[in-house]
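Here's a walk through one structure, sheet by sheet and helix by helix. Have the model open and follow along.

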Amino acid sequence: MNNCGYKIRNLPPGLELLADLATDLRWTWSHAGDALWKTVAPQTWEQIGNPYVILQNLPQERLEELAQDTHFRGQMEILAAERDAYCSQTGWYSATYPDAELKGIAYFSMEFGLGESLPLYAGGLGILAGDYLKAASDLGIPVIGIGLLYQEGYFRQMLDADGWQQNVYPYNDPASLPIQPEVSNSGSWLHVNLRFPGRLIRFRVWKATIGRVTLYLLDSNDPLNSPSDRGITSKLYGGGHEMRLVQEIVLGLGGWRLLETLGAAVDVCHLNEGHAAFVTLERARRFMEKNKVDFWEALWATRGGNIFTTHTPVAAGFDTYPQPLLAKYGTHYAERLGITTTALSALGRLNPDDQQEPFNMAYLAMRTCRMTNGVSRLHGEVSRRIFQPLYPRWPEKEVPVTYITNGVHVPSWDSPWADEAWTLAAGKERWRDDHGGLAKAILDNLSDETLWIFVGMERADLVNYARKRLARQLGQRGEDAETIARSYHVLDPNILTLGFARRFAEYKRPNLLLHDPERLARLLTNVKYPVQLIVAGKAHPEDETGKQFIQQWAQFVQRPDVRAHTVFLEDYDIALAQEMVQGVDVWINTPRRPWEACGTSGMKVLVNGGLNISELDGWWAEAYDKEIGWSLGDGKEHPEPGWDAIEAEELYRILEEEVVPEFYRRDTAGIPRAWVTRMRTSMMRLAPHFSTSRMMKEYVEKMYLPAAASYERRAAENGRQARELKHWELALNQHWQGMHWGNLELHEENDGWSFDIQVYLGGISPDHVQVQLYAEPTTSEQPTKQVMERRAAIPGSVNGYHYYGKVSNQQPANAYTPRIIAYHPEVCVPTEMNLILWWPGMR
């Protein structure tokens with residue numbers, strides 16, 4: 001029992017270490033303790049694989065037996081020592097940046113998918129957040145997670161006899177979750193209070209341990225709150241538009257207040273989507289109060305340490321709120337910021353003066369964060385197009401959105417067979433060390449025979465799991481004994497296995513394979529080269545079209561001719577995803593380009609020897625090569641009707657003419673050499689790169705370290721630099737319209753073009769602007785931006801100068817356009833200042 005009275009479990013003397021082992025979610029990816037927990041309760045372990053639930057439900061008599069078992073205690077102590085060694089070792093971050101001044105990163109997300117033991121996720125956003133925390137722990141990166149504890153979480157799926165999705169919302173009993181109350185200095189349960197219209201609401205604080213990382217969760221289900229307020233955190237993405245806004249206020253404002261209450265040293269705030277954007281306001285407000293500056297000065301200081309990751313591929317996917325609703329919750333808060341409600345609203349609008357425009361959380365994030373990134377190379381391009389309106393007259397390629405492609409936490413998704421093979425080839429520490437030698441290790445140490453054997457074992461495990469899961473779901477549906485018994489004979493561990501599992505949404509085209517059901521049936525039931533297919537996925541509770549897609553699959557798998565070759569497994573969750581990505585031979589992904597921001601499910605098969613057939617969208621657009629998998633589409637966007645039929649035909653053709661023949665083309669040893677070569681190439685090239693280890697290192701080097709340094713400089717001396725930047729901004733806004741161009745002289749020289757331009761700066765210091773020559777990119781992705789040299793003053797002028805620049809003659813002179821942009825060495829332009837003046841007649 002901890003200090004606030006929350007019972008973990010009364011453990012007999014000698015078993016105290018079990019509590020720490022059960023509450024550290026490192027067991028979701030480190031399987032060193034599996035044998036120990038299986039010893040404790042074999043049947044329960046096989047059923048749920050959750051040490052925390054095992055410990056909470058174990059009879060006291062059994063605990064007493066274990067306490068007297070010296071062998072068991074010895075194994076427990078070894079496991080605890082191994083955990084302590086993991087937590088205390090020097091991680092990649094400390095070893096690589098021993099002198100870095102990065103104190104801590106606060107990672108805010110509406111959902112976290114760490115495992116089925118803590119079901120606080122709806123889909124890919126949460127799974128990514130869970131993998132992020134695990135990788136941060138492995139690499140020793142100082143991260144704190146901030147989220148909400150949902151009483152119901154996302155729905156669980158069942159299909160009725162007609163194949164129609166039913167939504168079930170089981171209660172998340174905190175006593176059954178591997179979390180603990182956070183205790184205050186007084187020994188009581190820690191709470192964070194937030195003032196809402198007319199009342200104060202208390203939020204209990206829970207914590208989950210993920211190796212070296214802690215995730216804190218805010219929970220409104222406190223007895224001192226009103227019944228309606230207790231329900232604020234009742235359901236993930238539930239309760240309507242206003243409840244969604246309230247949850248995002250709690251995540252942002254409550255999350256930052258929690259960090260301050262904990263005394264956490266944080267210099268970087270990372271927003272995993274725009275849901276958490278309100279944290280940027282609360283961070284600025286607290287800086288304002290502590291340092292006696294106004295809100296705009298505080299925002300200049302704190303924005304330097306804010307990072308926004310957008311996962312949304314279409315503008316319609318951003319959270320927006322009507323002005324009356326924002327005013328209801330924002331008027332009092334604007335007063336605390338020392339600004340008007342109109343000024344607060346303007347931070348989330350494209351047009352600050354349009355009182356009818358909804359408040360956009362992504363716009364708020366863009367305006368209050370120093371850096372923004374998409375989650376794949378293509379998504380970076382798409383995001384620049386989406387956010388272009390925020391940066392009028394700026395070229396799309398200069399819209400300030402970079403990209404860091406997502407990855408997956410490989411130890412969470414590899415099979416025991418894959419783990420054994422990779423360990424043999426590259427050692428146990430392979431995902432925490434430099435990945436440079438992994439490709440060679442796979443090439444040198446894993447034979448064709450080894451690879452083919454381990455994928456065969458994976459496939460057999462998947463078939464066995466699918467049969468059991470199918471039998472269970474048929475039993476829950478009330479099917480007769482004969483139907484349930486038949487489920488133990490579906491699928492075959494020795495034939496080509498395809499997997500498709502996604503959220504069933506129209507843009508993901510989950511029924512592209514069903515475009516011609518008879519052709520699919522012929523493919524599956526080919527006597528000489530049989531194929532089997534496992535399908536899973538949920539539709540949003542309000543998505544009727546998605547539910548219809550599911551029903552079509554449910555009806556197809558009931559056909560007598562394909563019943564043994566294809567199954568639809570209900571309630572797609574982390575546990576099912578793990579089994580599928582570990583056992584399929586080919587993973588199929590069919591989104592409509594460019595609506596897949598990244599898509600990490602296909603990454604999860606890489607370590608397990610699985611191959612991909614995917615639309616050239618998201619991560620696959622940058623990963624694809626004909627030697628490692630197969631692609632759909634031509635790499636272009638096709639909104640026109642009829643394109644789905646073209647790509648369905650292409651998908652059938654690839655399967656019939658390329659995938660199936662290659663899988664069954666065996667040598668005398670029974671090994672498909674070309675297939676295994678493709679497997680090995682995919683594993684070598686892609687598995688290390690599309691991992692969270694690579695992703696996290698990129699975040700540290702490209703975003704966290706620069707953001708922390710920027711924040712520290714701006715915040716020093718009570719925000720002295722931030723105050724200077726605010727004055728710089730005011731001066732530019734005040735005098736920008738007073739600038740104008742003079743004459744331009746162009747000269748052709750042997751090796752390029754020289755420009756001499758007269759510029760009259762009016763009331764603006766020449767140190768506060770850059771005059772550039774700009775040219776759109778030709779062969780490279782980046783435009784040419786040549787900074788011109790300020791030379792002599794223009795005779796008789798006030799603040800007028802000649803600017804000189806020389807550029808390559810690889811492009812014609814008219815490809816270059818002079819322009820003036822704001823400049824300060826501490827400012828990200830155009831993120832923080834989007835003023836721009838083009839040569840007359842241009843843009």
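Which residue in strand 21 is the bridge partner of Trp 587? Asn 612 takes that place. Keep in mind throughout that we're looking at a predicted model.

## The parallel sheet

That pair belongs to the match between strand 20 (residues 586–589) and strand 21 (residues 611–615), which run in the parallel sense and share 4 bridges. Zoom out and you'll find 6 strands in an open sheet, with parallel pairing and the order 19-18-17-20-21-22. At the edges are strand 19 (566–569) and strand 22 (629–632); each has a single partner strand, so one side of each has no neighbour in the sheet. On average, neighbouring strands here are turned by 15° against each other, direction ignored.

As a quick reminder, strands of a sheet pair through backbone hydrogen bonds, and they can do so either parallel or antiparallel.

## Asp 585, just ahead of strand 20

Look next at the loop between helix 24 (574–583) and strand 20, where Asp 585 sits. Is Asp 585 buried or exposed? Its relative accessible area is 4%, and since anything under 20% counts as buried, Asp 585 is buried.

Setting aside neighbours within four places in sequence, Asp 585 touches Arg 459, Ile 495, Leu 496, Thr 497, Gly 610, Leu 611, Phe 663 and Trp 675. Leu 496 lies in strand 17 (496–501), and Leu 611 lies in strand 21 (residues 611–615). Ser 137 is another matter: Asp 585 and Ser 137 are 448 residues apart in sequence and 31 Å apart in space, C-alpha to C-alpha.

## Helix 20 and its partners

Helix 20 lies across three strands of the sheet, namely strand 17 (496–501), strand 18 (531–536) and strand 19, and runs at about 60° to strand 19. Helix 20 (residues 448–477) also packs against helix 28 (residues 673–686), at an angle of about 85° and with the axes 10 Å apart. That angle makes the two helices roughly perpendicular.

Who makes the contact between helix 20 and helix 28? On the helix 20 side, it's Asp 448, Glu 449, Leu 451, Trp 452, Phe 454 and Val 455. Helix 28 brings Arg 673, Trp 675, Val 676, Met 679, Arg 680 and Met 683. Sorted by type, the contact residues come to 8 nonpolar, no polar and 4 charged. You've met one of them already: Trp 675 is also among the contacts of Asp 585.

## Strand 12 and its neighbours

Now over to strand 12 (residues 306–309), where Asn 306 and Phe 308 point one way while Ile 307 and Thr 309 point the other, and all are buried. Strand 11 (residues 268–272) pairs with strand 12 in the parallel sense over 4 bridges, and Asn 272 stands opposite Thr 309 there.

Strand 12 also pairs with strand 15 (residues 371–374), again in the parallel sense, over 3 bridges. In that pairing, Phe 308 stands opposite Thr 372.

## The antiparallel sheet

Farther along the sequence, an open sheet of 4 strands has antiparallel pairing and the order 23-24-28-27. Strand 23 (740–749) and strand 27 (789–793) are the edge strands, each pairing on one side only. Neighbouring strands of this sheet are turned by 25° against each other on average, direction ignored.

What joins strand 23 to strand 24? A hairpin does, through 2 residues. These two strands pair in the antiparallel sense over 8 bridges, with strand 24 covering residues 752–760. Among the bridge partners, Leu 746 goes with Phe 755 and His 740 with Tyr 760.

## An exposed loop and the cysteines

Asn 185 is in the loop between strand 7 (180–181) and strand 8 (191–196). With a relative accessibility of 89%, Asn 185 counts as exposed. Asn 185 and Leu 262 are 77 residues apart in sequence, yet 9.5 Å apart in space, C-alpha to C-alpha.

How many disulfides are there? The count is 0. Among the cysteines, Cys 87 is partly exposed, with a relative accessible area of 27%, while Cys 598 is buried at 2%.

Key:
Residues are numbered from 1 along each chain as its sequence is written. This is a predicted model: local features need pLDDT of at least 70, side-chain atom pairs count only at pLDDT 80 or more; totals for chains, interfaces and linings use all residues. Side-chain values use heavy atoms; hydrogens and water are left out. Two strands pair if DSSP finds at least two bridges between them. Axes are lines fitted to C-alpha atoms, for helices over the stretch in contact, and angles run from 0 to 180 degrees between N-to-C directions. A disulfide is a pair of cysteine sulfur atoms within 2.5 Å. Buried means under 20% relative accessible area, exposed over 50%, partly exposed in between (1.4 Å probe, protein chains only). Angles under 35 degrees count as roughly parallel, over 145 as roughly antiparallel, 65 to 115 as roughly perpendicular and the rest as oblique. Contact means heavy atoms within 4.5 Å. Ala, Val, Leu, Ile, Met, Phe, Trp, Tyr, Cys and Pro count as nonpolar, Asp, Glu, Lys and Arg as charged, and the others, Gly among them, as polar.
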